[in-house]
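Biologist: Mind walking me through a few backbone and packing details here? Keep it informal, please.

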Amino acid sequence: MFLGLWPWQRLNAVQSAVFESAFLSRRNLLVVAPTGTGKTVVAELAIVGAMQQRLSALSPALAAQMQQTHCPGAAPRAGMPDVSSLLPGKVLYLAPMAALCQEKAHDWRARFGPLGIRVEALAGDGLSPGGLGGGDAATSSLMAADVICSTPEKWDALSRRWRDNVGLTGGVSLVILDEVHHVGTSRGAALEAIVARMKTISESEQVKAKRMPATSLRFVALAATLRNATDVARWLRVAPGDMHVFGEEFRPVPLEKHVLAYFDGKNEFLFSESLFRRLPGVVSRFSDGRPTLIFCTSRKAAQVAAQVMADAATRLIPAAPTENPATAIRAAGRAGSSRPALLEDPSIGRGPSPFVADDRQRAQLESAAAASRSELLSTVLRHGVAFHHGGLEAADRSEVESLFKSRTLRVLATTTTLALGVNLPAHLVVVLSTSAYRGAAEGYTDLDPSDVIQMIGRAGRPGLDSRGVGVVMTARSKKDKYEAALFGPTTIVESGLLSSLGEHINAEVACRSITCVSDAYRWAASTFLAVRAERDPRRYEAELNDAAAGWALPCAPAQPPELNQGPEAPVRRALKRLCRQVLAKLVATGVTRALPQSAAARGVTAASAAGQASEPARPSPAGLAAAAAGGEPRTEIEAPGGARLDSAVAAEEWQSLAKAVAGGEDLLLQPRSVSRGIAHAYLSVASALRLLVVPYSASFRLILERVVACVEVLDGMPIRRDDKKRLNELNALRAGCVRYRTPGKVQTPQAKALVLLQAAMARAAFGDARLEQDARMLAARAERLLVAVSNIAASEDVRSPLAVNCRILGRSLAARSWGMPPPESRGASSGGGEAPTSQIHQLSAVLRCGVTDAMAAAWVSNGVITLENFCSASLDALASMAARSRGSRAAAASAQAVLRGVLQLTVRASKAGPDAVDLDLEPAVGGATPVGGSDPASGDGATPAPAAARSHDLSEYELFVCRNAPGGLVERKPVRALAVRQSIRTAGPTRPPRLIASSD
């Protein structure tokens, strides 16, 4: 009944061989087959097979009705009965690239949609500061979806709260892992973590008790090339009979492979540039005038390659009808042509470009060029050439893909990510350079041979070509490496989990999948890392020991003698030791809480250690670092039982527990707010601690310098030679642009990021499209990081200067405007740092009331810093102070806009009972009808009900809470839930706070 889903009636050899495992069973499955052999259909067979099994269990009458409606060979159409109920659970499709997820979602919506199956994509750019929580709009749409297409990072972020979203995560019964061989890349760690977490979810008591679909979880893994398929099969619990590996002989179109090696040159940059000069000749030699894909290692390289090909087309030297093509090329070279001549294919005909065949094709290209929003793309399109990368507008990318599929475009230069994304087969595939620039930290790195194999696998179009051609252009020194990969056995896929093991263990502690040290051992044993470690113990034992040494505490105890004995393999002991060292570091830094197992006898159960009990207060990381340094006052905290401890005592206790963990004690583990914040915001532990462990009075400059050193911000950020001149010019523009200059010249990615972030907040003219794009990307990343760190710091101490300053900087980046006056207008503090931030300026950034930097600076210089100062001054005085900045009338209007929003909150005892209070809100300046209500202090979470005589509901207001102190926090809060009640409890009924102006 489901045959109408496919445009053909017969399966190919690969699909036929795995039909029984994919369609007729519910066992885990692994299929390794070359690109172009129809592996996606195998995944679709698994989806349809699950529905077919459910259909067989229905009553004969209902089954017959569905069979008649969905007759074999009929295409799905509107009005068909909804068969989504036949799915035993949700289908989760994971692919390494967002483009591939989007393509699959679009295709499956068109084919599965008429059957009532809803397909959703979770593959947008970036991550929200708090991850994807249970109340997120995306989560709601996913709950209603039957098929979810996601990148590993997105699903990892969402499933870190799987206990809060158990209806979603526990509803997944089929996980499709496309391009599973990418588990060995830098992005493979997230995939390993997801598989381990889905196993945990499947085996959890919470899911089993509700008999959710995840109890019968199935993995279907697909790969283009995988030498150690047995290792992956063991990791995914695939039985030997359900592991299918197919060779190149199963390709639908034979592939002809070439490795062209050239002299290395002086450096990688100049060598890569030299390949552009050789590109037109390679295309002319191997393309036969047919569609050509050119894979490039960067967006800029794709654009340059398209320009080179379009330029070569305009410099075409027509050959005489009887002239030998090779002779014409040699003649062009002797004539001194700066570009290799391209010869027209006889089937194309003669014209202004060898890639434009006729007037119809030319008209299509002209139409696309006119509609394009990219000037460069518009130019090259007219020559039958285009480029494709993530920086293009979505409409332009879609149009380029459509033109290439219809063979209107003959040459397409694209980034290497397209090899994993949109399915655009071509006759010729050229890999232009095997070295990619990964930023100043890594420099040039070689492409993974498995990625190169997948790229050239796009060559050959079934039904159109008798053969495909793949060409790899590389340096002579790397020729043997890539020839061995293309013509010999593929490389072994290794685990990439070691580089981010700490982040993933912390995430499992945060979601309470790891509740004790022994749980961490079991979790690690379910990863691909454990499988590869047992298969290659000599290599991995050394790597695990090196990693453990990197996580070791300064005064960590030696490995206990009993842990070195027994029948357990040394490599397994090394993996356990690494887990202990990671957990010990998390405990020592205050990220995770550890409790002795005996604590359960004192009323602290394993459930409470897993985060279900209330967490005692603790000092902020900033206060802890300060106490350790001995230069700041120690912060007091409340310990269990009401005792008061200072930061030094707490730090000593954490170190003691951390040493116990490192020494092998099976302690209970509980996530603290820091642990949850790091996990939910998808931060690395190192980056979070880099920002959290700062001096208590951290300045804006110090915070920015720490931000630009974080991998979340700098990842893949190059510093190009062309960038340096403009960056140094921006760095020199101190007034109104870069407030915190980089000493000397801008030479590093960190210095570049520091300059661009400040220039973005100053809305400076970058003078370069690439720099402007870099600044936008850096600002988005830094904002996410700052908001996440601010939330974590505020959860520890809401008045912490770190929380305040991070939030101000985050809002400034979001608004592309400095959120505080310049340092010189505020003066210097007694400690030589930055002076307090004006609350008026903070409010102006979020209220958009027209207060400029100059106006706020003028008020600060006259002593108007807090909101109470502002409300105490007359409107005329405020206008006079700021008259020079914008004029007295404009200054008065802006000041009045602020004053109009200021309300006074009054708290008084209520007649309703001893546990209730009455709230009154009234304008702080001028007269207006107050609003208010009664708020029971029992903490039921209800919104305060308005009094009968009031004309407005208190919940209609959004409040900005300010402390009446220099540098006080401006916190944006809706008047709902516990926002007001928390203020009451903090200040007490005898010291009523003010919202917006709050007294300390």
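Modeller: Sure. This is a predicted model, and a good place to start is Arg407, which is found in the loop between helix 17 (394-405) and strand 11 (411-415).

Biologist: Is Arg407 buried, exposed or partly exposed?
Modeller: Go by its relative accessible area, which is 44%. Buried would need under 20% and exposed over 50%. So Arg407 counts as partly exposed.

Biologist: What is the phi of Arg407 near?
Modeller: Most residues other than glycine have a negative phi. Arg407 goes the other way, with a positive phi near 65 degrees.

Biologist: Where is Glu179, which has a positive phi although it is not a glycine?
Modeller: The phi of Glu179 is about 55 degrees. Glu179 is buried, at a relative accessible area of 9%. Its place is in the loop between strand 5 (172-177) and helix 9 (188-203).

Biologist: Is helix 12 parallel or oblique to helix 13?
Modeller: Two packed helices are described by the angle between their axes and the distance between the axes. For helix 12 (residues 268-286) and helix 13 (residues 299-314), the axes lie 9 Å apart at an angle of about 60 degrees. That angle makes helix 12, relative to helix 13, oblique.

Biologist: How do the residues of the contact of helix 12 with helix 13 divide into nonpolar, polar and charged?
Modeller: Helix 12 brings Phe276, Leu279, Pro280 and Val283 to a right-handed crossing. From helix 13 come Ala301, Val304, Ala305, Val308, Met309 and Ala312. The division is no charged, no polar and ten nonpolar.

Note on methods. Residues are numbered from 1 along each chain as its sequence is written. This is a predicted model: local features need pLDDT of at least 70, side-chain atom pairs count only at pLDDT 80 or more; totals for chains, interfaces and linings use all residues. Side-chain values use heavy atoms; hydrogens and water are left out. Axes are lines fitted to C-alpha atoms, for helices over the stretch in contact, and angles run from 0 to 180 degrees between N-to-C directions. Helices (H or I, at least four residues) and strands (E, at least two) are DSSP runs, numbered from the N terminus. Angles under 35 degrees count as roughly parallel, over 145 as roughly antiparallel, 65 to 115 as roughly perpendicular and the rest as oblique. A crossing is left-handed if the near helix is turned anticlockwise from the far one by less than a right angle, and right-handed if clockwise. Contact means heavy atoms within 4.5 Å. Ala, Val, Leu, Ile, Met, Phe, Trp, Tyr, Cys and Pro count as nonpolar, Asp, Glu, Lys and Arg as charged, and the others, Gly among them, as polar. Buried means under 20% relative accessible area, exposed over 50%, partly exposed in between (1.4 Å probe, protein chains only).
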